[in-house]
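Here are some short exercises to work through with the model open beside you. Try each task before you read its solution.

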Amino acid sequence: MVYIQEAHPVDAWQDEDNAKDKISVASEKSLDERCAVADTCVTRLNLKIPAVVDDLANSTEAAYTAWPDRLYVIDSGGRVAYKSQPGPYGFKPEGVAATLKRVLPAAPTRQAQSSPAPR
């Protein structure tokens, strides 16, 4: 996950759902602030995947048109293998799953190894 600029900061466009859930985040003014908000996001959403943070120039967001949020799969060659429509309504997890099955190498099957018979 790449945490990009806050989509619903209180000083720009506070979302009703955020207000209801008592999520109050201002637009980040420093990378430390953005990292702190990203950490809170990862914790509150109980994410189990690695997260990185976009820079304050929003380079990743601009390169991938990621605002407000999108799902991407990047293949081993660094190419975009899947790009969702803007989320959350454009998210199609089945598209991500199918792409991952296509681009990830198949896991090797393990054959049961027999132990040598005792002598």
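A residue counts as buried when its relative accessible area is under 20%, as exposed when that area is over 50%, and as partly exposed in between. Please keep in mind that this is a predicted model.

**Exercise 1. Classify both partners of the salt bridge between glutamate 28 and arginine 34.**

Solution.
- Step 1: Find the contact. The closest N and O atoms of glutamate 28 and arginine 34 lie 3.5 Å apart, and a salt bridge needs such a pair within 4 Å.
- Step 2: Take the acid. Glutamate 28 has a relative accessibility of 12%, so it counts as buried.
- Step 3: Take the base. Arginine 34 has a relative accessible area of 2%, so this residue is buried as well.

**Exercise 2. The structure holds two salt bridges. Treat the one between arginine 79 and aspartate 75 in the same way.**

Solution.
- Step 1: The closest N and O atoms of this pair are 3.3 Å apart.
- Step 2: Arginine 79 has a relative accessible area of 54%, and therefore it is exposed.
- Step 3: Aspartate 75 comes out at 18%, so it is buried.
- Step 4: Put the two together: an exposed arginine 79 is paired with a buried aspartate 75.

**Exercise 3. Describe the order of the elements along the chain.**

Solution.
- Step 1: Count them. The protein has four helices and four strands.
- Step 2: Read from the N terminus. The order is β-α-α-β-α-β-β-α.
- Step 3: Add the burial figure for the whole protein. Of its 119 residues, 22% count as buried.

**Exercise 4. Characterise the largest pocket by its volume and its lining.**

Solution.
- Step 1: Start with the space. The largest pocket holds about 1500 Å³.
- Step 2: Turn to the lining. It is made by 38 residues, and those nearest the centre of the pocket are Met1, Cys41, Leu45, Pro68 and Asp69.
- Step 3: Assign the lining to elements. Strand E1 (2–3), helix H1 (16–20), helix H2 (31–45), H3 and strand E3 (72–74) each give two or more residues. The most come from H2, with five.
- Step 4: Sort by residue type. The lining has 24 nonpolar, seven polar and seven charged residues.

**Exercise 5. Which residues make the nonpolar surface patch of about 210 Å², and where is Leu56 found?**

Solution.
- Step 1: The patch is made by Leu31, Val53 and Leu56.
- Step 2: Leu56 sits in the loop between strand E2 (52–53) and helix H3 (59–64).
- Step 3: Check the patch cut-off. Members need over 30% relative accessible area, and Leu56 has 36%, so it is partly exposed.

**Exercise 6. Compare sequence separation with distance in space for two loop residues, proline 86 and lysine 48.**

Solution.
- Step 1: Proline 86 belongs to the loop between strand E4 (80–83) and helix H4 (93–103). Its relative accessibility is 35%, so it is partly exposed.
- Step 2: Proline 86 and proline 68 are 18 residues apart in sequence, with their C-alpha atoms 6.7 Å apart.
- Step 3: Lysine 48 belongs to the loop between H2 and E2. With a relative accessible area of 70%, lysine 48 is exposed.
- Step 4: Lysine 48 and methionine 1 are 47 residues apart in sequence, and the C-alpha to C-alpha distance is 10.0 Å.

Note on methods
Residues numbered from 1 in each chain as written. Predicted model: local features only at pLDDT ≥ 70, side-chain atom pairs only at ≥ 80, totals over all residues. Heavy atoms only, no water. Patch = residues over 30% accessible without salt bridge, like charges linked within 9 Å, V, L, I, M, F, W, Y side chains within 5 Å. Areas by Shrake-Rupley, 256 points an atom, 1.4 Å probe, with all protein chains shown as cover. Salt bridge = Lys/Arg side-chain N within 4 Å of Asp/Glu carboxyl O. Buried < 20%, exposed > 50% of the residue type's maximum accessible area, 1.4 Å probe, protein only. 1 Å grid on protein atoms, 1.4 Å probe; cavity = no way out; pocket = protein on both sides within 12 Å on 5 of 7 lines; lining within 4 Å. Points joined across faces, edges and corners; volume = space filled by probe spheres on them. Nonpolar A, V, L, I, M, F, W, Y, C, P; charged D, E, K, R; others polar.
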